[in-house]
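Reader: I have the coordinates open and would like to go through the reasoning behind some labels. Could you take me through them?

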Amino acid sequence: MRTRAAVAVQAGKPLEVMDVNLEGPKAGEVLVEIKATGICHTDEFTLSGADPEGLFPAILGHEGAGVVVDVGPGVTSLKPGDHVIPLYTPECRECEYCLHPKTNLCQAIRETQGRGLMPDGTSRFSTLDGDPILHYMGCSTFANHTVLPEIALAKVREDAPFDKICYIGCGVTTGIGAVINTAKVEIGSRAIVFGLGGIGLNVIQGLRLAGADQIVGVDLNPSKVEMATRFGMTDFVNPSEVEGDLVPYLVNLTKGGADYTFDATGNVGVMRTALESAHKGWGESIIIGVAPAGAEISTRPFQLVTGRSWRGTAFGGARGRTDVPKIVDWYMDGKIEIDPMITHTMGLDDINHGFDLMHKGESIRSVVVY
Ligand code: NAD
Ligand code: AHE
Ligand code: ZN
């Protein structure tokens, strides 16, 4: 079939919206009509050329929601008409990782996914001239139709609006999950969140759910304060307004250091500040942000010797097919909020405007509605 897609033709260039060919689902695969997709900073990270795994030409996008159109042979858990959220972290429920209680990083299809291919080693997308176009993060939600493995789709309730729940495909689950699944924050904790964008705000929302007493937000952009306060931030720090080193300032503000700190910037300097502003003896720092090729984190080992720990999280530690439908329920039941964070919506033809808004720091989440 033909479908319409925004193609990342080359690193550092705007996406090009065009008709592309899409082959139907093979064994174990599902054809999905994408109804809405968010634009995450990770899409920008890959488009910019900073992603060591970035490949071109590709159809980016990994924060979508849609409807099953067709299923390939052997698909048993989904049927046409089902509402689904694509999962860049699949859940096969069989691999060594899925069977291990300490990780959500299903590895069943990770190798081909990282090469922009379906599990059989081929792409379903091509140009109208027949040249292959690569998949991205196993999702490619910047296409009106896409093909995914059955294990990379969470089935969700049908009364949930696509233009809101698409955000659960990455930002909401990553932020809230980092708090609940990865850090396992206790009631009464003190926390610091670095970066108050589409992920950081969901960390703040997760901290409020978990009953944290102090939630410090750190961002260079003061326009993020209003939204962060609405979601539970108790203190705001703009590093550009702090005289001297930020670490002692934050340690003082949190009365000895935070129980938990979260990096949602992708800046390795910020990651060091986050680790060092965690409390001596027990503070945990969770890295969420993804950093450019070649960037490395560093600190004095003494920071770890004296009881701080550095950890990371992908997709908030969530097991997608199991956890994502529950998070959709939380949204529909009013336990979590999504709508105010979706600051802009647009059609696919205007997708580059969504990237511009992110660059200028004017949006939290832009959502493309097909
Ligand atoms: P975003 O652009 O919406 O937000 C980033 C925020 O960080 C902005 O508000 C910006 O002003 C702030 N910021 C940038 N540099 C800063 C600095 N030096 N000090 C303080 N604040 C600073 O991006 P997002 O969509 O929220 O994504 C955040 C990061 O999380 C990105 O690196 C993204 O790739 C990553 N991410 C990781 C996962 C995962 O599973 N680990 C999932 C989604 C996103
Ligand atoms: N390809 C990059 C790393 C990108 C990365 O860390 N991706 C996160 C999800 S970000 C979603 O917005 C992730 O899931 N990582 C685990 C994995 O297996 O990719 C690089 O640096 O090579
Ligand atoms: Zn993302």
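Author: Happy to. Let's begin with ligand 1: the largest share of the shell around it, 3 residues, comes from H1. Please keep in mind that this is a predicted model.

Reader: What makes a residue part of the shell around ligand 1, and how many residues surround it?

Author: The test is a C-beta atom, placed from the backbone, within 6 Å of the ligand. By that test 33 residues surround ligand 1, and the closest are His41, Gly195, Gly197, Ile199 and Gly266. Helix H1 (41–48) and H4 are the elements that give two or more residues to this shell.

Reader: How do you know where ligand 1 lies with respect to domain 1 and domain 2?

Author: The domain assignment gives domain 1 (2–169 + 338–369) and domain 2 (175–313). Both domains give residues to the shell around ligand 1, so the ligand lies between them.

Reader: What makes up the shell around ligand 1 by class?

Author: It divides into 16 nonpolar, 15 polar and 2 charged residues. Glycine counts as polar here.

Reader: And which residues are closest to ligand 2?

Author: Those are Thr42, Pro52, Glu53, Val290 and Ala314, out of 13 residues that surround ligand 2. By class, that shell has 8 nonpolar, 2 polar and 3 charged residues.

Reader: How do you know that domain 1 and domain 2 touch, and how many residues are in contact?

Author: Contact asks for C-beta atoms within 7 Å of each other. On that basis, 12 residues of domain 1 are in contact with 11 residues of domain 2. H1 gives the largest share of the side of domain 1 that touches domain 2, 3 residues. That side has 7 nonpolar, 3 polar and 2 charged residues. The centres of the two domains, taken over C-alpha atoms, are separated by 29 Å.

Reader: Why are H4 and H5 called oblique to each other?

Author: The axes of helix H4 (residues 171–183) and helix H5 (residues 200–210) cross at roughly 45° and come within 7 Å. Angles under 35 degrees count as roughly parallel, and 65 to 115 as roughly perpendicular. The angle of roughly 45° fits neither range, so H4 and H5 are oblique. H4 passes H5 in a right-handed crossing. Residues making the contact include Val172, Ile176 and Val179 of H4 and Leu201, Val203 and Leu207 of H5. By class, this contact has 10 nonpolar, 7 polar and no charged residues.

Reader: What makes the bond between Phe56 and Pro57 worth a look?

Author: It is a cis peptide bond, with omega about -5°. Most peptide bonds are trans. Pro57 sits in the loop between H1 and strand E4 (63–71).

Reader: And what sets Met137 apart in its phi?

Author: Met137 has a positive phi of about 50° although it is not a glycine. Most residues other than glycine have a negative phi. You will find Met137 in the loop between strand E7 (132–133) and strand E8 (145–149).

Methods
Residues numbered from 1 in each chain as written. Chains lettered and ligands numbered in written order. Predicted model: local features only at pLDDT ≥ 70, side-chain atom pairs only at ≥ 80, totals over all residues. Axes fitted to C-alpha atoms, helices over the stretch in contact; angles between N-to-C directions. Helix = DSSP H or I, 4+ residues; strand = E, 2+ residues; numbered from the N terminus. Parallel < 35°, antiparallel > 145°, perpendicular 65-115°, else oblique. Left-handed = near helix turned anticlockwise from the far one by under 90°. Contact = placed C-beta atoms within 7 Å. Domains from an automatic or database assignment.
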